[in-house]
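Student: I have a model open here and would like to talk through its architecture. Could you take me through it?

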Amino acid sequence: MSTENDIAGLIAEQLDRLLYAELTPEKRKSVEEGQFDDALWRECEALGLTGALVSESAGGAGLSWTDINPSLLVIGKHAAPVPLGETLIANRLLSDAGLEMVEGAVATGFDVLSLQTDGTVQGMAKCVSWTPVCPHTLLLAEREGRIHLCLMRTGDLTLSALKTFSREPAADVTCNGVKPVAIAALAGDLSQTTVLAHFAILHTAQIAGALAYILPLCVEYANDRVQFGRAIAKFQAIQHALAQLASEVAASQAAAVFSCGKADTGAVEYGAMVGMSRAGRAATLSAEIAHQVFGAIGFTDEHSLHYFTRRLWQWRSAAGSEQWWSEQLGEKIIAAGGDALWPHIVAA
Amino acid sequence: MNSPFNFDPITLSTAYDPLRQEVREFIKPFRDTWSGWKFAHSWGGFDKEFSKAVGAKGWIGMTWPKKYGGAERSHFERYVVVEELISAGAPLSAHWVGDRQSGPLLMRYGREEITQSLLPRIVSGELTFCIGLSEPGSGSDLASVWSKAEKVDGGYRLNGQKIWTSGAHLSDFMIGLFRSGTDKDAPKHAGLSQFLIDMRSSGLTVRPITDLTGEHHFNEVHFDNVFVPDAHLIGEEGNAWQQVVSELAFERSQPDRFLSCFVLLPMLIDRLDGPDRLAKRRVGESVADLVVMREMSLSILGQLEAGKVPAQEAALVKDLGNTYEQKQPALVRELIDAAPYIRPSDPLSDALGYLTQSVPSYSLRGGTREIMRGIIAKGLGL
């Protein structure tokens, strides 16, 4: 356990150093303008994170969600413009279904398409993040009530590019009778919602990471910016706004830890419900506070704040919104009845 | 990552599950007799017989040394007992202050003979404590208290007034904060001392203050030449500020800071008739908030067990917790379109009636929201 923790901690540190050294505002901008940074991707891939959640016997690092949470936070903290988290989850899904993990970046669609009797896939998956720059795209397709994971060559698909809040590449994916390069039924206890939940947990951690970056940024700015003859940090209104921001940051971190812990015990969906419900709302409130503290300068293209707040707006909705996951949680809780609530909370 | 706060996770061992079950079984027969209005008071409710029953189970002072009547159990076991009691709406105030605050304070700073004589009686549920901090001119600005302790032969003479003292009229002892220093130029945090005060002392008068719910919980306490013996000085003379501050990390992060309205939630769930998307979403949000807050609270407990003083984290959990508690009556109101009258025969209406009126005090007691946010901001380096 401790060795795995050490390895995971080391990877998170290396990733942090790498992104710190490599990522400039110009680079973020050029990715958002459509220039994917292949070199950065390859360096990230070389750290071994893309197979982090895949067992060692299947060629991965055999780490747990809890082990890699620090790395996911780092991805969020740097608003890293690479599909690292997305790829490591896709590889986990592939390996859980008994398929080989793949080289290179993998995007995943959440809609369920149709798997034809001739083994080809038909239909459309909406808003697939990163697919325009990923050699492979993982799609879900159903035949006779069973959902299959279908690994597709992205080049075989028809993409209709989408504008996203993060300005990272995404597309609606149409699949017209294309044969997957690999296919397997989802493991028995997995559903479309479970697949989605994996990504909701990723985004929960990314939100926590981005917020952990935004907080000190706001504190530093409030201490530096002078109005009415004193630093705005001296104004109680600003202090209290930032205290509230700190509470949201802390809660999102706790939510990320909790949801990773749940994913490790097989309760991926429950982890996503609690994690995204809490972190998604933290993202919304925190972005509001940060922009208020930064004033007009934080609203400019030139300032880096929006690279983070736009991602908060992306991640809170990209794999089921905080409202949608709250609804799933509420439905489950209400169905179980009032007497079951407290035992559920302490057992959860 | 560098962070201005730490919430390393703690997992409660399943070894405590039988204890949890025992608390649930213990409370059930009581719970069945409580009205909605009563269990809505939760830990703020006063019921000496109930407290004695809790004491008889060994659940007061349960972390304390055996020589003081304690059970030497872990803080995690205490947490399990406390969260089970509070979530069920159990009235704890007859022993709460003694168990949570005054007992630990006496163990840390009190004279051994006092500790030995009083703590076993806290443990049995017999003794009730109150805390004398606020004064008419000293609320959030606590260090400005002016009630005086004057050194006299064999002890101190107390003069002045406390206000908003919860349960003073039902208490056996007060832990009171008084100004003992006479140096006018000293910083105002210096020169404060804490005393153990017998509420039956001559010269001490308790006057009720009825609160907006129509009930009598807090009081004015007047001191007119009240004598306390030397042995009742707690800790060092003039050092009370440090002593008070060190109690707070514990006080501010426990389940009583976010579960005060919990009793509403199960009743709300059972009242929802064909819940729509809005109801599901709101209930889901409330549960997610609670689950995450409990994780944060447990993390603080783990840090306290490890000998740290997570004051920032505690202020943060209290602020989040009070805000959460205060939203719950509004949540019920929104989802069941509650009418503005109180029907005692309906436990949900009865509980909602009390809590709607009671929640404004939650972000006042134990340090206001503004004080908490000030502490957090300071910790951020603003």
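Student: Among contacts in chain A between residues at least 6 apart in sequence, what share joins residues at least 24 apart?

Tutor: Happy to help! This is a predicted model, where local features need pLDDT of at least 70, side-chain atom pairs count only at pLDDT 80 or more, and totals for chains, interfaces and linings use all residues. Residues are numbered from 1 along each chain as its sequence is written, while chains are lettered from A and ligands numbered from 1 in the order written. Taking a contact as two C-beta atoms, placed from the backbone, within 7 Å, the share in chain A is 73%.

Student: How many residues of chain A are in contact with chain B?

Tutor: On the chain B side, 42 residues take part, and on the chain A side the number is 43.

Student: Which element gives the most to that side of chain A?

Tutor: Helices here are DSSP runs of H or I with at least four residues, strands runs of E with at least two, numbered from the N terminus. Elements giving two or more residues include α4 (65-77), α6 (192-224) and α7 (236-264) of chain A. With 15 residues, the top contributor is α7(A).

Student: Which residues of helix α8 of chain B are buried?

Tutor: Buried means 20 or more other C-beta atoms within 10 Å of the residue's own, C-beta atoms being placed from the backbone. What covers the buried residues of α8(B) includes α10 (322-336) and α11 (341-347) of chain A. Within residues 264-271, the buried ones are B:L264, B:L265, B:M267, B:L268 and B:I269.

Student: What percentage of chain A is buried?

Tutor: The count runs over the 348 residues of chain A. The buried share is 53%.

Terms used:
Buried ≥ 20, exposed ≤ 12 C-beta atoms within 10 Å, placed from the backbone.
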